[in-house]
Amino acid sequence: MIITRINQRSAKKFIRKHHRHLPKPPAGWKFGGGAFDNDDNLIGVIWIGRPVARHYDDGSLLEINRLCTIPNIPNLNTQLIAWAVKECKKNYKKVRGLITYLRTYEKATVMQASNFFFVGVTGKGKWRRNNPEEPKQRWYYPFCKKSRKKLTELWRKNNKHQKIN
């Protein structure tokens, strides 16, 4: 398997076909990555863009707007996230971190395995206009080692007995 940059059109096409609950690709594209199997078939996509929440769209953060993979391929989500983190650090020097959101009932295993920090639950927002409003889990990956260390200490102190999904 290889992960490499892909164009927006390829990412949109894959997301429309395979994303389980948000098939409409978001606005704010910065770059995307595609995972290809040994037969050169696209098996996963990560879409990195500007934060959807206006108050986070100040140029210092990017957002994982979509992560979409073919089912039952072990560790593909974490590999796509790791690739995206590396690409952000290399190509977006002023960006201080990545954010992303999960529905409150979704398992956070991939985010925890990718060393993201759970930073809270949002207020009610809409995933789609025809869906009922629901809060979302907010996850953050700071690029600064000092910030990561501080967040790790706070996390351990405040979440000794808390388990996220």
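Trainee: What percentage of the 165 residues of the chain count as buried?
Mentor: Keep in mind that we're looking at a predicted model. A residue goes into the buried bin when its relative accessible area is under 20%. Out of the 165 residues of the chain, the buried share is 44%.

Trainee: And how much of the accessible surface belongs to carbon and sulfur atoms?
Mentor: The chain's accessible surface adds up to about 10300 Å². The part of it that belongs to carbon and sulfur atoms is 49%.

Trainee: In what order do the elements run from the N terminus on?
Mentor: Start with the inventory: the chain has 4 helices and 7 strands. Read from the N terminus on, they go β-α-β-β-β-α-β-α-β-β-α.

Trainee: Let's zoom in on S5. Is it largely enclosed or open, and why?
Mentor: S5 covers residues 97–103. Gly97, Ile99, Tyr101 and Arg103 point one way from it, while Leu98, Thr100 and Leu102 point the other way, and all are buried. With 7 of its 7 residues buried, the rest of the structure leaves S5 largely enclosed.

Trainee: Which handedness does the crossover from S4 to S5 have?
Mentor: S4 spans residues 61–69 and runs parallel to S5, with 3 bridges joining them. Between these two strands the chain passes through helix H2, residues 76–91, and this β-α-β crossover is right-handed.

Trainee: Which residue of S7 is the bridge partner of Gly97?
Mentor: Gly97 also has a partner in S4, namely Leu61. As for S7, residues 136–142, it runs antiparallel to S5, and 7 bridges join the two. The partner of Gly97 there is Pro142.

Trainee: Is Leu102 buried or exposed?
Mentor: Leu102 lies in S5. Its relative accessible area is 13%, and the cut-off for buried is under 20%. So Leu102 is buried.

Trainee: How far apart in space are Leu102 and Pro135, C-alpha to C-alpha?
Mentor: In sequence, 33 residues separate them. In space, the C-alpha to C-alpha distance is 9.1 Å.

Trainee: Across the chain, what share of contacts between residues at least 6 apart in sequence join residues at least 24 apart?
Mentor: Take the contacts whose residues are at least 6 apart in sequence as the pool. The share of that pool joining residues at least 24 apart is 64%.

Trainee: One on cysteines: how many disulfides does the structure hold?
Mentor: Cys68 is buried at 3% relative accessible area, and Cys88 is buried too, at 0%. A disulfide takes a pair of cysteine sulfur atoms within 2.5 Å. The number of disulfides in the structure is 0.

Technical notes
Residues numbered from 1 in each chain as written. Predicted model: local features only at pLDDT ≥ 70, side-chain atom pairs only at ≥ 80, totals over all residues. Heavy atoms only, no water. Buried < 20%, exposed > 50% of the residue type's maximum accessible area, 1.4 Å probe, protein only. Contact = heavy atoms within 4.5 Å. Areas by Shrake-Rupley, 256 points an atom, 1.4 Å probe, with all protein chains shown as cover. Pairing = 2+ DSSP bridges. Right-handed = clockwise from strand over helix to strand, strands pointing away.
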